[in-house]
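Visitor: I've never looked at this one before. Could you walk me through it and tell me how each label is earned?

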Amino acid sequence: MSNSKLIELSYYDPSAQVRLSAYADTIVLDHNEKGGVICAIRFGGYPEMVRAMADAIYGGATIEATQNDTVRLLQSSLKGYRRQMTHDGVYAVATLMASDDAQEESRQQDAGEERTLEKSEQPRTCYIFCPEGDRTRLFEELDHKTAAPLIPAFQEYVLAALESRGDLRQLEVVSQKERIDAWVLRLSVGDQNVVEVLEEGLKAGLIQIPGAVPGAPDGFDEVSNVTGYLNTFGVTVADRIRNQFMPLFDPASEPLSDEVLSINDFITQRAGYSLYDAQLAVAEAVKRQLDRRQTALIIAECGSGKSVRRS
């Protein structure tokens with residue numbers, strides 16, 4: 001599919017006699033035996049059309065995409081996306097990005113027993129988006145997805161090995177202005193496929209653990225106490241911790257969903273006041289958790305809106 005102009009999207013529901021249309025500037029596709037599968041998409045148009053098209057894609061509809069007289073049928077994954085909508089007057093833009101498979105799954109206990117969380121016993125599929133040609137960023141994002149121990153020195157070996165095994169595949173990106181690469185990563189149970197790559201590399205001598213080879217630099221030359229360790233590695237450790245506990249919603253970098261904004265408008269009209277920014281952020285996080293698990297708990301400090309939601 002050429003990327004010389006906007007991609008016209010159309011959807012028709014014969015049972016409801018509903019026809020929708022919008023225009024996309026970016027689509028990320030995976031491929032199977034039936035054709036292209038939408039992994040990410042950004043499109044715009046009139047708010048009603050954009051919202052309805054986003055709902056159709058989220059609901060698993062097949063979308064017709066036309067560009068330069070070429071027509072393709074694009075599949076979508078049922079409830080497999082994170083959705084965002086923004087408004088600018090009478091124009092709206094929707095962005096849908098494929099969600100990673102959950103690392104943990106909830107298990108319903110018998111009556112009276114405590115609900116617990118246990119590790120998923122199924123392989124996981126994850127999606128990575130990074131600047132075009134940026135292998136360093138790709139490796140960093142891969143490191144965020146897996147619990148297997150990775151260090152920068154392993155970068156080229158690990159990426160090449162996962163690609164050769166088919167566990168890391170590049171997706172098709174069609175975009176007018178975005179210069180990005182998109183990848184799909186398959187992780188086996190316990191991330192065992194990544195662990196196998198590391199073990200094979202270590203056995204073959206293709207990668208080495210710093211400090212394992214006598215006389216080779218290990219990065220600890222200037223470290224003699226805890227203070228020296230924190231001065232040398234503190235930022236790296238903090239980044240690692242932060243990236244291992246990604247928030248459901250980051251108000252500094254993500255917009256509120258259209259649903260939360262609509263509820264806040266309703267509260268303003270009926271109660272005469274708007275929710276605080278912190279309360280809106282918690283509401284957005286709760287919405288996303290309910291989309292994923294149908295159950296959400298709010299454990300937060302004063303001012304986060306717990307009483308508002310209870311009432």
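Visitor: What makes Arg 19 count as lying over the face of Tyr 12?
Guide: A charge sits over a ring if NZ of Lys or CZ of Arg is within 6 Å of the ring centre and within 35 degrees of the ring normal. Arg 19 is 4.4 Å from the ring centre of Tyr 12 and lies over its face, so the pair fits the rule. Bear in mind that this is a predicted model, where local features need pLDDT of at least 70 and side-chain atom pairs 80 or more, while totals for chains, interfaces and linings use all residues. Side-chain values use heavy atoms, without hydrogens or water, and residues are numbered from 1 along each chain as its sequence is written.

Visitor: Which ring has the charged end of Arg 83 over it?
Guide: That's Tyr 58, with the charged end of Arg 83 at 3.8 Å from the ring centre.

Visitor: How many aromatic pairs does a search of the whole structure find?
Guide: Zero. To pair, rings of Phe, Tyr and Trp (its six-membered ring) need centres within 6.5 Å; planes under 30 degrees apart are stacked, over 60 edge-to-face, and the rest tilted.

Visitor: Why is Asp 69 called exposed?
Guide: Exposed means over 50% relative accessible area, buried under 20%, and partly exposed in between (1.4 Å probe, protein chains only). Asp 69 has 77% relative accessibility, so it counts as exposed. Asp 69 sits in the loop between strand 4 (63-67) and strand 5 (70-75), and its phi is positive, near 65°. Most residues other than glycine have a negative phi.

Visitor: Is Asp 191 buried or exposed?
Guide: Buried, because its relative accessibility is 6%. Asp 191 also has a positive phi, near 55°, and belongs to the loop between strand 13 (180-187) and helix 4 (192-204). Helices (H or I, at least four residues) and strands (E, at least two) are DSSP runs, numbered from the N terminus.

Visitor: How do you know that strand 1 and strand 2 pair?
Guide: Two strands pair if DSSP finds at least two bridges between them. Seven bridges join strand 1 (residues 7-13) to strand 2 (residues 18-32), and the two run antiparallel, so they qualify. Tyr 11 stands opposite Leu 20 in strand 2. The two strands form a hairpin with four residues between them, and Gln 17 in the turn has a positive phi of about 55°.

Visitor: What else does strand 2 pair with?
Guide: Nine bridges join strand 2 to strand 3 (residues 35-45), running antiparallel, with Ala 24 partnered by Phe 43. Four bridges join strand 2 to strand 12 (residues 172-175), also antiparallel, where Leu 29 has Glu 172 as its bridge partner.
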